[in-house]
Amino acid sequence: MEIINAIGRRKTSIARVYVQPGKGTIQVNQRELADYFKSGIHQTLVKQAFATLKLDNQYDVVANVEGGGIRGQAEAVRLGIARALVKVNAENRPALKKEGLLTRDSRMVERKKPGRRKARRRFQFSKR
């Protein structure tokens, strides 16, 4: 079987994910998963699609991710893995969809408006 690739996005992070049958190793930006995502929560997020389908240690994953922060990158990789597993076997789709792993979270940072401190936060009001 050949290498299956998919793209995952979250906030400003973009992950290109390559999945192939193997021993279950996950590399992110040429580093091991535990080296790149130090937090156990982020590691669990990345492995969530495999845990849902009970496919642990059956596929090798190589992910190239850029942009955004650590959380956004982890969720982008998660979406990419889920999309790749659907390409591998279409029967995986209902289980992943039920868990919400195939939905792209479209929430983005709201832009800063002029005359405000942040997007909605106003400057402190001074009566006198």
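## A hairpin, a core and a salt-bridge network

β1 and β2 make a hairpin, with 2 residues between the strands. In the turn, K11 has a positive phi of about 50 degrees. The model described here is predicted.

The two hairpin strands run antiparallel, and 7 bridges join them. I4 of β1 faces V19 in β2. β1 has two faces. I4, A6, G8 and R10 lie on the covered one. N5, I7 and R9 lie on the uncovered one.

**The nonpolar core**

Which residues have the most contacts inside the largest nonpolar core? They are V28, V46, F50, I81, L85 and L96, in a core of 31 residues. Strands β1 (4-10), β2 (13-21), β3 (26-28) and β5 (59-66) each give two or more residues to this core. So do helices α1 (33-36), α2 (40-53) and α3 (70-88). The most comes from α3, with 8 residues.

Take V28. Beyond its neighbours within four places in sequence, V28 is in contact with L33, Y36, F37, A63 and V65.

**Aromatic pairs**

The whole structure has 2 aromatic pairs. One joins Y36 and F37: the ring centres are 5.0 Å apart. Their planes stand at 90 degrees, so this pair is edge-to-face. Y36 counts as buried because its relative accessibility is 14%. F37 is buried too, at 0% relative accessibility. F50 and Y59 form a stacked pair, 6.4 Å centre to centre with 15 degrees between the planes. Both of these residues are buried.

**Salt bridges**

Side chains of opposite charge can pair when their charged atoms come close. This structure holds 6 salt bridges. The table shows three of them.

| Pair | N to O distance |
|---|---|
| E75 and R10 | 2.7 Å |
| E75 and R71 | 2.8 Å |
| E110 and K113 | 2.7 Å |

E75 appears in two of these rows. Its bridge to R10 links distant parts of the chain: E75 is in helix α3 and R10 in strand β1, 65 residues apart. E75 and R71 both lie in helix α3, 4 residues apart, about one turn of the helix.

Are these charged residues buried or exposed? E75 counts as buried, at 11% relative accessibility. R10 also counts as buried, at 8%. R71 is partly exposed, at 44%. In the remaining pair, E110 is partly exposed at 39%, and K113 is partly exposed at 22%.

The bridges also join up. R10, R71, E75, D105 and R107 are linked in a network of salt bridges.

Terms used: Residues numbered from 1 in each chain as written. Predicted model: local features only at pLDDT ≥ 70, side-chain atom pairs only at ≥ 80, totals over all residues. Heavy atoms only, no water. Core = buried A, V, L, I, M, F, W, Y, C linked by side-chain atoms within 4.5 Å. Buried < 20%, exposed > 50% of the residue type's maximum accessible area, 1.4 Å probe, protein only. Contact = heavy atoms within 4.5 Å. Pairing = 2+ DSSP bridges. Phe/Tyr/Trp six-rings, centres within 6.5 Å; stacked < 30°, edge-to-face > 60°. Salt bridge = Lys/Arg side-chain N within 4 Å of Asp/Glu carboxyl O.
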